[in-house]
Amino acid sequence: MRRVHRGDTAAGVVILLALLAIAAWVGWRGLHAPPRQGPEGSLKDVFDPPGELAGLRLKRLRYFTLSDLHEYINGQAPRYFQFGFKALTVAEYVSPKGRDLSLVVDLYNMGARHNAYGIWKDGRGEDDASLQAGNAAYAAGNMAAFWKGGYFVRLRALTDDDLAQLVRKAAVEAAAWIEDGLGQMEEFAAFPRDGLLDGGLTYENEAAFGLPHLNAVFVAEYDLKNARFRLFHADAGAPEKALDVLRAHERFLAAGGTVEERRLEGPDPLIWGREKYTGPSLLLARGSVLAGCLGLNDRAQAETLVKDLHARLKTLPKAPLRTAPHGGDRTMTYDGQQTTDD
Amino acid sequence: MQKRDVSRREFLKVGAAVAAVGALAPRVLAAETPAAKTALEFRTLGRTGLKVTTVSLGCMVAPEPVIAKAYDLGINWFDTANSYKGGRNEEEVGRVLAGDKRKKACICTKVRHTVNRQPATADQMMAGLEGGLKRLNTDYVDLVLTHATSSREQVMNDAALDFFRKAKESGKARFVGTSTHQNMTQVILAAVESGAYDVVMTTYNYTIAADLRAAAAKAKEAGLGIIAMKTQAPVVELMKKHDAAKAANPDAPAPRLPFPHEGYALQEAALKWALDDPAIACAVPGMRDFGQLDQNFAVMGKRLGYLDRRLLERYAAATARAYCSGCGRCAGTCPDGVSIPDVRRSAMYLDAYGETKIARDTYRAASVGAAPCARCEHCVAQCVNDVALRPILTDAHSRLA
């Protein structure tokens, strides 16, 4: 019979007791860890609107934050959170002459211009007509919406009367409340215009195309010679982070599709592959900037388009286009409309 | 060479190692179950008789590729609404579920029940449904809901009941119901009383009070189907606030969260908590990317452990007492008519944000401030989450009136 040393037994008991103690500590920590509420965000981001708008006077102000936005817009709140929502001011204007009329102005502070653009574009319906207000606007019936600076603003006249003209006038006037020396989204200027679908420019702040590794992405949708595809670009912030995105994309393709080309060293690191739900995709990094093509079967054409996009991105000015409301004569095509900066 | 038996020393060492792994492994849920290996779990949606996957899809934030994969995984209930993305979400759902897929998938959409702050007519609601059908590219929906009702009056509204009747008679909706984010208990009980509702979709998560759970159980007994939404909202909101605070003060120490921020485990646990309630037929979490889809889907194959449940309950209890969830059920419970939700909100603006002007504006906009509170020795106003109301109200009055 093998002899058991007392030392072995003692060591085993000590180990077991220690492990039981650790397990108990872990369990106790979990049950008794004091929950602490993080701060709820800042009301410093609310907008302070003037007391008059389009001949109407301000009657009431309400504010909503991350905590309670759902009380105002219900299940749509998560979409606003995706676009970096900070705070909402709801200003209600009424007629000073006692007429039964309410004009409600929702001023969403989305924290950044691209987020304001993204949520503005996201809510645009097929029947909404373009309107000249803010950086871009649309309107339908007694509703109008524009984006400018980091704000998405929606106006609604709560009446059965046709007040479309008043609402549009109010939108133009409200747009002047917001300073924005930059005008249109320069990030879209890099996309080629050939085959660009009308209304095909969008921005996704989180998980573009359902891919968690693609965030803060500018997207353009095309129909070119019967091929439907998308071009997109994003700035990962640093070259190493751009490579991380490529690796994440490789993992995504490997898990549910095929990686057909992988090149992570040297100039122009890229991933090319296919996946059932997102189709063929090519992602190429230059420095911190990622550009890609989704949906084009022709790999060579995809790479050409992506490299062209990179080249155009490099020509975009880093500094603001202008610092004053007026000046410059650059012509930009924006959302299918040719506009000239004043 | 001597035969090598397993010594007691070796046995203890191995056993200790196994125990250590077991003790220190993540507690929240069982080991990762790939979505592809998850067995679908179905429940019957009340009197509709529809067998729905317990984890279903809230399509609001889901891009088309994610909706498509959800269908392929076997999810058969897809929730959208007229108002999501200006109507485009219905179009997206319609594109994905076109053709043969439509027969195997159930679609739920929602119509507005107010227009310009007035109750909508049955014709206006029918116009909303017909617009939805067009965008969904289908001639019927499995369920149409009046969107976000919050009172017995809205549930019992004749126009809504008339709309339901017409929607069913025309075949444009197989079943009818309502969705609710506020005064949920009242809405559910009214729907039971009405007899005209087949389904109620309600906020349902680990922070809810006992009366809502009881209402859901009663509704199930009465044959209503209950769909849970916002099952993960408390977690998501907490993480958003945490991230916002970090972004606002990147140099400051990050605010502590009660649960690990990394990974998805708490959101899975929150979803499973709701599905463990037999009154719930299914949940419709929003899923913005493939990762969330896989993780939420796999909850069907997971078990909520005792410690997971205790953690959720403890967190809910601790935060409920310090934190108003904005359910609005305190409204109207003060015999002097104090506008409790508005006064509470003004206090929050002052205390949580330090925004005196905004807090004061909000307090003054309340239809009845908290001046009467000074006269009451014993507050009879009700908070279903046991938040102590009188101190909040009197304090707000003293600082903001």
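**Entry: Thr278 of chain A.** I began with A:Thr278 in this predicted model. Is A:Thr278 buried or exposed? Its relative accessible area comes to 9%, and the cut-off for buried is under 20%, so I noted A:Thr278 as buried.

Next I looked up where A:Thr278 sits, and found it in the loop between β13 and β14 of chain A. Then I asked which residues A:Thr278 touches, leaving out those up to four places away in sequence. From chain A I wrote down A:Phe209, A:Leu211, A:Phe252 and A:Leu294. From chain B, I added B:Pro65 and B:Phe290.

**Entry: the sheet.** The two strands beside that loop sent me to an open sheet of seven strands in chain A. I read its order as β9-β10-β11-β15-β14-β13-β12, with antiparallel pairing. At the edges I found β9 (196-204) and β12 (257-263) of chain A, each pairing on one side only. Neighbouring strands of this sheet are turned by 15 degrees against each other on average, direction ignored.

**Entry: one strand pair.** How many bridges join β11 to β15 in chain A? I found six, between residues 227-235 and residues 289-294, and the two strands run antiparallel. Here I also noted that A:Phe232 has A:Gly292 in β15(A) as its bridge partner.

**Entry: helices across the strands.** I then turned to helix α4 (residues 113-122) of chain A, which lies across β9 and β10 (217-224) and runs at about 125 degrees to β9(A). Helix α7 (residues 299-315) of chain A lies across β10, β11, β12, β13, β14 and β15. For its direction, I noted that α7 runs at about 35 degrees to β14(A).

Definitions and conventions:
Residues are numbered from 1 along each chain as its sequence is written. Chains are lettered from A and ligands numbered from 1 in the order in which they are written. This is a predicted model: local features need pLDDT of at least 70, side-chain atom pairs count only at pLDDT 80 or more; totals for chains, interfaces and linings use all residues. Side-chain values use heavy atoms; hydrogens and water are left out. Two strands pair if DSSP finds at least two bridges between them. Helices (H or I, at least four residues) and strands (E, at least two) are DSSP runs, numbered from the N terminus. Axes are lines fitted to C-alpha atoms, for helices over the stretch in contact, and angles run from 0 to 180 degrees between N-to-C directions. Contact means heavy atoms within 4.5 Å. Buried means under 20% relative accessible area, exposed over 50%, partly exposed in between (1.4 Å probe, protein chains only).
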